[in-house]
Amino acid sequence: MRVSKRASGAIALGAAFALVASGCSSSDDGGDAGNSADGVITIDGGEPENPLVPSNTTETNGGKIIDWMWTGLVEYPNDGGAPRNAVAESIETADSKVYKIKIKQGTKFHDGTAVKAKNFVDAWNWGAYSPNGAQNSSFFADIQGFDEVNTADPDGADGPQKAPEPKAKEMSGLKVVDDWNFEVTLAAPTAVFPTKLGYSTFMPLPDAFFAGTAEDFGKKPIGNGPVKFVSWENNVLIKLTRFEDYQLRDKMKIKDVNVKLSQNDDAVYSELVSNNIDFQQQVPVSSLAGDKWKTDLGDRAISSVAPVTGIIAFPIYDKRFADPKLRRAVSLSINRQEVTDKIFFGNRKPADSWANPLAPGAAPGNCTACQFNVDEAKKLLTEAGGFSGEMVFYYNADASHKEWMEAVAQQVKTNLGINARAEGVPTFAVFRQNINAHKMKGPYRAGWQQDYPDVENWVNPLYVTGGSSNDGLYSNKQVDALAKEASAAPSLDASHAKFAEAVKLIDADAPSIPVYFSGQQSGRSDKIKKMELTNVGELDITSVEL
């Protein structure tokens, strides 16, 4: 989904993960410190799906705000270098099963209270406890005792029976040693665990969170990061301001950040060209033809790569899409090269693997379902018994997805003879509400922005039963078993090899359709003299100088 902060030297990222960007600064000597100190920027954003609680935020609109408002145990450098400590003073393990974590003294939440070990432990226990309904609860599954605090609905999301009450409210694998130290015991040795610790679901929560409701807290969130919350006007604006008591490396250089919650990429782009907005992460598809965006923006244009894949997901809970042969037929009928060439003008690459190639452990070319093979697609469709009625491909209409989703639907219609079309849902928030309620009536636009740099993040949340972003309710017990073995492997190499076995089964089932690997085309205003993008292509607001 998203992210920007991660772990202490435990994993070194490959060179391919490094951010490639140009046009990030218009002056060699940076910005003016005087202008920056009291400066304000307005940047493009979108309405978050839910109130802002880290373990209940799985989409990028809310995720960006959480990334900016919180700082975790570890962080990822923007250049893709080795993960490093942030709030953590040290993270130590002798066996990859028991981790001793010491946090830095002197860091504070935005309400002035100290960040202590219990704030991490309490936050993780709250997120894991299934009656709380946190969407990211599955990320705590590595921890010993998770199965006693998190129970699954025996009938699935729409079943008549309520999930049984958990046996416990706290995971046995979490232990507060003192104010600045806590211990994490995993169910099995897990080499990738340190890499996960910068993902936002592992952020600490202040005591104030537990004194009220999660919903109320999320509307006026209290983090521990370089900016604090000021206000949120739904579908209009979120205001953030510098946290003056922030003690870590990435302190804000500017004072205020206004996040404009837009519903139209083209309108935002017009404001960007006119210097009336200071940053747009992705310029609209309409500006890509003939590199118009580069002409419009000049040295304000920023080209980069990020570990993001454009995907179409199937609502497998709909019986019409239960047959893997049908799903595979649809995938094989799509000419990804034509989509990337004609719609994105070469600014995206056709997807050919289940994990983005920038992810450590990703195997290139392992998506055989991504091949363009109309004859095989027709054969599989016949074997699946065909498809009756209309196949509607849904997308959120408040961003630049109309063109490519219509192109995909037309290819399915032309190549398979299915009555297919694309339909926009007005806003991302409504779109996500329908997805979470399992009310989608056809294939729908999805996408995955890497949470942390490992192939594990491209399997467990998306394709393991009960995964945090397994929105289509795909389930394969063999995939689950292999993913469990992979997660508990003694080394990253062994883990990656086992995940590769799981991916072969996923490929055969085609629970979704990887379509393209993202390149990112961003733009800034003349006001910004110096800035950086994070490892996932978000604006690093702490780097901005005016």
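**A tour in three stops**

Select cysteine 367 and cysteine 370 to begin, and view the link between them along its S-S bond: with 80 degrees about that bond, the link is right-handed. What you have open is a predicted model, and in it the sulfur atoms of cysteine 367 and cysteine 370 lie 2.1 Å apart, forming a disulfide. A search of the whole structure finds one disulfide. If you add a surface, bear in mind that cysteine 367 is buried and that cysteine 370 is buried as well.

Next, select threonine 241, which you will find in strand 9, the run of residues 237–242. Is threonine 241 buried or exposed? Its relative accessibility is 11%, and because buried means under 20%, threonine 241 counts as buried. Now display the residues around threonine 241: leaving aside neighbours within four places in sequence, it is in contact with Pro226, Val227, Lys228, Val230, Lys255 and Asp256. Two of these deserve a separate selection. Valine 227 is 14 residues away along the chain, yet its C-alpha atom is separated from that of threonine 241 by 5.2 Å. With aspartate 256, the side chain of threonine 241 makes a polar contact, side chain to side chain, at 2.6 Å.

For the last stop, select helix 10 (residues 324–332) together with helix 17 (residues 492–509), whose axes come within 7 Å and cross at roughly 85 degrees, so that helix 10 is roughly perpendicular to helix 17. Show side chains for Pro324, Arg327 and Arg328 of helix 10 and for Asp507, Ala508 and Asp509 of helix 17, since these residues make the contact. Colouring by class, you should find four charged residues, two nonpolar and no polar ones where helix 10 meets helix 17.

Notes:
Residues numbered from 1 in each chain as written. Predicted model: local features only at pLDDT ≥ 70, side-chain atom pairs only at ≥ 80, totals over all residues. Heavy atoms only, no water. Disulfide = S-S within 2.5 Å. Buried < 20%, exposed > 50% of the residue type's maximum accessible area, 1.4 Å probe, protein only. Helix = DSSP H or I, 4+ residues; strand = E, 2+ residues; numbered from the N terminus. Contact = heavy atoms within 4.5 Å. Polar contact = N/O pair within 3.5 Å; in protein donor to acceptor, adjacent residues only side chain to side chain. Axes fitted to C-alpha atoms, helices over the stretch in contact; angles between N-to-C directions. Parallel < 35°, antiparallel > 145°, perpendicular 65-115°, else oblique. Nonpolar A, V, L, I, M, F, W, Y, C, P; charged D, E, K, R; others polar.
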